[in-house]
Amino acid sequence: LTLTLTLTLTLTLIPAGANPRSATLMVGDSYAADVAGGINASLLATVWVRPPLEPPETGAQGSLMHGHLSAVPAGQPSPTFTVESVLEVEACLEKIG
């Protein structure tokens, strides 16, 4: 039995009169689908919940989750924050202010 969890969360903190993009935080576990999308949309910040690494003996450079990367692709922009668990998102929000 294999369980695959895909996490995508968008938090929008919009003060009156603000641009929604400047108040939106993209949180996700896929660099290509979540982080790159948030960066390309010029959102306030991106939080990458980095998937766990493959066991070293496999020699893979991805994660245990189907096709998700465990490192930012060469030449691509980094997320604002990289965390190991969605439970760390609150600390990211505190850093943003």
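Let's start with strand β2. It is mostly covered: five of its five residues are buried. Keep in mind that this is a predicted model. T24, M26 and G28 point one way from the strand, while L25 and V27 point the other way. Both sets are buried.

What does β2 pair with? It runs parallel to β3, and four bridges join the two strands. Within that pairing, M26 stands opposite T46 in β3.

Take G28, also in β2. G28 has 0% relative accessibility, so it counts as buried. Its C-alpha atom is 8.1 Å from that of T46, and the two residues are 18 apart along the chain.

Now the wider layout. The protein has two helices and four strands. Along the sequence the order is β-β-α-β-β-α. There are 97 residues, and 31% of them count as buried.

Next, the core. Which residues make up the largest nonpolar core? There are nine: L25, V27, A45, V47, V49, F81, V83, V89 and C92. You will recognise L25 and V27 as the pair that points one way from β2. Four elements each supply at least two residues of this core: β2 (24–28), β3 (45–49), β4 (81–83) and α2 (89–96). β3 gives the most, with three residues. As a general point, nonpolar side chains in soluble globular proteins tend to be buried together.

On to helix α1. Its buried residues are Y31, D34, V35, A36 and G38. Viewed down the helix axis, the buried residues of α1 fall within an arc of 170°, so they line one face. On the other side, A32, A33 and N40 are exposed.

One name on that buried list deserves a second look: D34. This residue sits in α1, which spans residues 31–40. D34 is buried, yet it has no salt bridge. How far away is the nearest side chain of opposite charge? That is R50, at 13 Å. D34 does have a polar neighbour, though. A polar atom of its side chain lies 3.1 Å from the backbone nitrogen of D29.

So what does R50 do? R50 forms a salt bridge with E84, with the closest N and O atoms 2.7 Å apart. This pair links distant parts of the chain, 34 residues apart. R50 is in the loop between β3 and β4, and E84 is in the loop between β4 and α2. How many salt bridges does a search of the whole structure find? One. R50 itself is partly exposed, with a relative accessible area of 29%.

Last stop, just past α1. S42 lies in the loop between α1 and β3. Its phi is near 55°, a positive value in a residue other than glycine. Is S42 buried or exposed? Its relative accessibility is 52%, so S42 counts as exposed. The cut-off for exposed is over 50%.

To recap, then. β2 is buried on both of its sides and runs parallel to β3. The largest nonpolar core has nine residues, with β3 giving the most. α1 has its buried residues along one face, and D34 is buried without a salt bridge. R50 and E84 form a salt bridge. S42 takes a positive phi just after α1.

Definitions and conventions
Residues numbered from 1 in each chain as written. Predicted model: local features only at pLDDT ≥ 70, side-chain atom pairs only at ≥ 80, totals over all residues. Heavy atoms only, no water. Core = buried A, V, L, I, M, F, W, Y, C linked by side-chain atoms within 4.5 Å. Buried < 20%, exposed > 50% of the residue type's maximum accessible area, 1.4 Å probe, protein only. Lys, Arg positive; Asp, Glu negative; His and termini not counted. Salt bridge = Lys/Arg side-chain N within 4 Å of Asp/Glu carboxyl O. Polar contact = N/O pair within 3.5 Å; in protein donor to acceptor, adjacent residues only side chain to side chain. Arc of directions from axis to C-beta. Pairing = 2+ DSSP bridges.
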